[in-house]
Amino acid sequence: MLGHATTLAAARGRCAALRMGRRAVLGAVASFVFCAALDGTARAAPSGDRRLALYNPHTTEHFDDLYWCDGEYVPGSLTHINWLMRDFHRDVVAPIDIDLIDLLHRIAQRLETDRPLRILSGFRTNATNRLLRREGLGAAAHSEHLRAKAADICIDRVPLKHLRRAALSLRGGGVGTYWQDDFVHVDVGPVRSW
């Protein structure tokens, strides 16, 4: 039973570690393990934590961590996600819409994959969007990317048709499928598809 309590304490400690200092975490974990060992009971780890795995192939940056824990968004994780999904052409960061982050999480859950979502494009500045339009890359003039509410994604070894189906089924906003370029656009604007 102590092994189960230690595992449970580690899960809770990991979540708490995202918000608390090291000493406070060690004290909380030690206290939990001690109490669980004394009474011989241990409850299941709190449910509802949200993990997201992202990879930006343009910058080779990764994120694979909890971003929602104990009923709260984790500020450090959001900062990391904002950086990974920045306009990498200009290194300009914007706060990624929370609904988009949750949508990406739900898509990964729907597909039951632990593979990272490849972020081909997240936030875009007006200058980058104009450049993409000039190069004929299909960027919309009033793209949700400009408002940090869109991502162009794919997942290794997940067929595009499955990714598209998962995104459409969630009805979280716009879903565009770019078959030739092998990615799906998702946004948290009005529900629509193309």
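# Reasoning through a predicted model

Mentor: Let's start with a small detail: a polar atom of the Asn56 side chain lies 2.9 Å from the backbone nitrogen of His58. Keep in mind that this is a predicted model.

Trainee: What makes the pair formed by the backbone nitrogen of His58 and the side chain of Asn56 a polar contact?

Mentor: The limit for a pair of N or O atoms is 3.5 Å. The distance here is 2.9 Å, so the pair falls within 3.5 Å and counts as a polar contact.

Trainee: Why is Asn56 called buried or exposed?

Mentor: Buried means under 20% relative accessible area. Asn56 has 2% relative accessibility, so Asn56 counts as buried. The residue sits in strand β1. Leaving out residues up to four places away in sequence, Asn56 touches Glu61, Leu84, Phe88 and Ile119.

Trainee: Glu61 is on that list. Which salt-bridge partner does Glu61 have?

Mentor: The partner is Arg86, and the N to O distance between the side chains is 2.8 Å. The cut-off for a salt bridge is 4 Å, so a pair at 2.8 Å qualifies. Glu61 belongs to strand β2 and Arg86 to the loop between α3 and α4, so the pair ties together parts 25 residues apart in sequence.

Trainee: Why is Arg86 called buried?

Mentor: Its relative accessible area is 6%. The limit for buried is under 20%, so Arg86 belongs in that class. Arg86 is also part of a network of salt bridges that links Glu61, Arg86 and Asp91.

Trainee: What is special about the phi of Asp91?

Mentor: Phi of Asp91 is near 55°, which is a positive value in a residue other than glycine. Asp91 is found in the loop between α3 (75–84) and α4. Its relative accessible area is 44%. Partly exposed is the class between 20% and 50%, so Asp91 is partly exposed.

Trainee: Where is Glu112, and what is its phi?

Mentor: Glu112 is in the loop between α4 and β4. Its phi is near 50°, again a positive value in a residue other than glycine. The relative accessible area of Glu112 is 74%. Exposed means over 50%, so Glu112 is exposed.

Trainee: How do you know that Asp102 and Arg50 form a salt bridge?

Mentor: Their side chains meet at 3.0 Å, N to O. With the cut-off at 4 Å, the pair counts as a salt bridge. The two residues come from distant parts of the chain, with Asp102 in helix α4 and Arg50 in strand β1, 52 residues apart. Asp102 has a relative accessible area of 12% and is buried, whereas Arg50, at 22%, is partly exposed.

Trainee: Which residue forms a salt bridge with Arg192?

Mentor: Asp187 does, with the closest N and O atoms 2.8 Å apart. Asp187 is buried, with a relative accessible area of 1%. Arg192 is partly exposed at 31%. A search of the whole structure finds nine salt bridges.

Trainee: Let's turn to the sheet. How many strands does the sheet have, and in what order do they lie?

Mentor: Eight strands form an open sheet, and their order is β3-β2-β1-β4-β5-β7-β6-β8 with mixed pairing. The edge strands are β3 (72–73) and β8 (192–193).

Trainee: What makes β3 and β8 edge strands?

Mentor: Each of β3 and β8 pairs on one side only.

Trainee: How do you know that β2 and β3 pair?

Mentor: Pairing needs at least two bridges. Strand β2 (residues 61–69) and β3 have two bridges, so they meet that requirement, and the sense is antiparallel. In β3, Tyr73 is the bridge partner of Trp68.

Trainee: Which helices pack on the sheet, and at what angles do they run?

Mentor: Helix α4 (residues 98–111) lies across β1 (50–56), β2, β3, β4 (117–121), β5 (150–154) and β7 (183–187), at about 95° to β1. Helix α6 (residues 160–170) packs on the sheet too, touching β5, β6 (174–178), β7 and β8, and its direction makes about 170° with that of β6.

Trainee: How many helices and strands does the protein chain have?

Mentor: The count is six helices and eight strands. Of the 194 residues of the protein chain, 41% count as buried.

Definitions and conventions:
Residues are numbered from 1 along each chain as its sequence is written. This is a predicted model: local features need pLDDT of at least 70, side-chain atom pairs count only at pLDDT 80 or more; totals for chains, interfaces and linings use all residues. Side-chain values use heavy atoms; hydrogens and water are left out. Helices (H or I, at least four residues) and strands (E, at least two) are DSSP runs, numbered from the N terminus. Contact means heavy atoms within 4.5 Å. Axes are lines fitted to C-alpha atoms, for helices over the stretch in contact, and angles run from 0 to 180 degrees between N-to-C directions. Buried means under 20% relative accessible area, exposed over 50%, partly exposed in between (1.4 Å probe, protein chains only). A polar contact is a pair of N or O atoms within 3.5 Å; within protein, one must be able to donate a hydrogen and the other to accept it, and residues adjacent in sequence count only if both atoms are side-chain atoms.
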